[in-house]
Amino acid sequence: MIAGAARRVILEITGWGMLLAGIAALILPGPGLLLVLAGLVALSRRHAWAARWVEPVRVRAVRGAAHGVRSRPRILGSCLGALCLAALGVLWLVHPREPSWWPLRRTWWLFGGWWTGATLLVSSLAAFALIGYSYRRFHADPDALAALIAPETDR
């Protein structure tokens, strides 16, 4: 009984944490839609409203993955974006002194510390992994997207 209650609390905290992190990552660098989806999946075990949102978010995530590898310029743009995230992560980890032109206090230069750099690097690795998955899954087979979405939208 206690283990079941603890599991429900952990699932609830994890679901809300991933959902909030995903919403933030929709604006900030990171795999926002995937975190939102993971949070909704976790919360759908206890909340009907979350279960109703799982499928539309999943379809949007799959469409976004297929859309990002539709052409060479899109693939290049996605890879450049992931490289920029990695470069920013390295910059934050190295944490150079603020430049002479920096108008704010020294503490506002690359604020956030090594956690910011680490999350930027992890986000870039996740982006490269998703680009690779999407390329293998959707680039050579345009019908793969329709096959993934059609069965669920016919309900």
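Which element gives the largest share of the lining of the largest pocket? Hold that thought for a moment, and start with what kind of model this is. The structure is predicted, with a mean pLDDT of 83 for the protein and 92% of its residues at 70 or more. Confidence varies between elements: helix H4 has the highest mean pLDDT, 90, while helix H6, residues 143-153, has the lowest, 64. Keep that in mind if you plan to look at H6.

Now to the pocket. The largest one has a volume of about 720 Å³. It is lined by 30 residues, and those closest to its centre are Pro31, Leu34, Gly64, Ala65 and Leu130. Two or more lining residues come from each of helix H1 (2-27), helix H2 (32-43), helix H3 (48-67), helix H4 (72-94) and H5. As for the opening question, the answer is H5, which supplies 8 residues, the largest share of the lining. Sorted by class, the lining has 21 nonpolar residues, 8 polar ones and 1 charged one.

Leucine 34 is a good place to zoom in, being one of the residues closest to the pocket centre. It is found in helix H2. Is leucine 34 buried, partly exposed or exposed? Its relative accessible area is 36%, so leucine 34 counts as partly exposed, given that buried means under 20% and exposed means over 50%. Setting aside neighbours within four places in sequence, leucine 34 is in contact with Ala61 and Leu130. Leu130 is another of the residues closest to the pocket centre. There is also a long hop in sequence here: leucine 34 and alanine 126 are 92 residues apart along the chain, yet their C-alpha atoms are 10 Å apart in space.

Let's move on to H5 itself, which covers residues 113-139, and pick out two of its serines. Serine 124 lies in this helix, and serine 134 does too. With a relative accessibility of 2%, serine 124 falls in the buried class. Not counting residues up to four places away in sequence, serine 124 touches Ala82, Leu85 and Ala86. Serine 134 has a relative accessible area of 6%, which means that it is buried as well. Leaving out neighbours within four places in sequence, the contacts of serine 134 are Ala65, Val69 and His139. Ala65 has already come up, as one of the residues closest to the centre of the largest pocket.

Next, the nonpolar packing. In soluble globular proteins, nonpolar side chains tend to be buried together. Here the largest nonpolar core has 8 residues: Leu19, Val36, Leu37, Leu40, Leu43, Ala50, Val54 and Val57. H2 and H3 each supply at least two residues of this core, and H2 gives the most, with 4. Leucine 40 shows how that packing looks from one side chain's position. Neighbours within four places in sequence aside, leucine 40 is in contact with Leu19, Trp49, Ala50, Trp53, Val54 and Val57. A second, separate core has 6 residues, including Val62, Ala66, Val69 and Phe138. Val69 is also a contact of serine 134.

Helix H3 has an exposed side to its story too. Alanine 48 is in this helix, and with a relative accessible area of 52% it is exposed. Arginine 52 also has its place in H3, and at 59% relative accessibility it counts as exposed. Both make handy rulers across the model. From alanine 48 to leucine 125, the C-alpha separation is 33 Å, with their positions 77 residues apart in sequence. Arginine 52 and arginine 137 are 85 residues apart in sequence, and their C-alpha atoms are 26 Å apart.

Finally, have a look at the backbone in the loop between H4 and H5. Which phi value does histidine 95 have? It is near 50 degrees, which is positive in a residue other than glycine. Histidine 95 sits in that loop, and so does leucine 110, whose phi is likewise positive and near 50 degrees. What about their surroundings? Histidine 95 is partly exposed, at 39% relative accessible area, whereas leucine 110 is buried, at 8%.

Technical notes:
Residues are numbered from 1 along each chain as its sequence is written. This is a predicted model: local features need pLDDT of at least 70, side-chain atom pairs count only at pLDDT 80 or more; totals for chains, interfaces and linings use all residues. Side-chain values use heavy atoms; hydrogens and water are left out. Buried means under 20% relative accessible area, exposed over 50%, partly exposed in between (1.4 Å probe, protein chains only). Contact means heavy atoms within 4.5 Å. On a 1 Å grid over the protein atoms alone, a cavity is a set of points where a 1.4 Å probe fits but cannot get out, and a pocket is an open set with protein on both sides within 12 Å along at least five of seven lines; lining residues have an atom within 4 Å of a point. Grid points are joined across faces, edges and corners, and a volume is the space filled by probe spheres set on the points. Ala, Val, Leu, Ile, Met, Phe, Trp, Tyr, Cys and Pro count as nonpolar, Asp, Glu, Lys and Arg as charged, and the others, Gly among them, as polar. pLDDT is the predictor's confidence in each residue, from 0 to 100. A nonpolar core is a set of buried Ala, Val, Leu, Ile, Met, Phe, Trp, Tyr and Cys residues joined through side-chain atoms within 4.5 Å.
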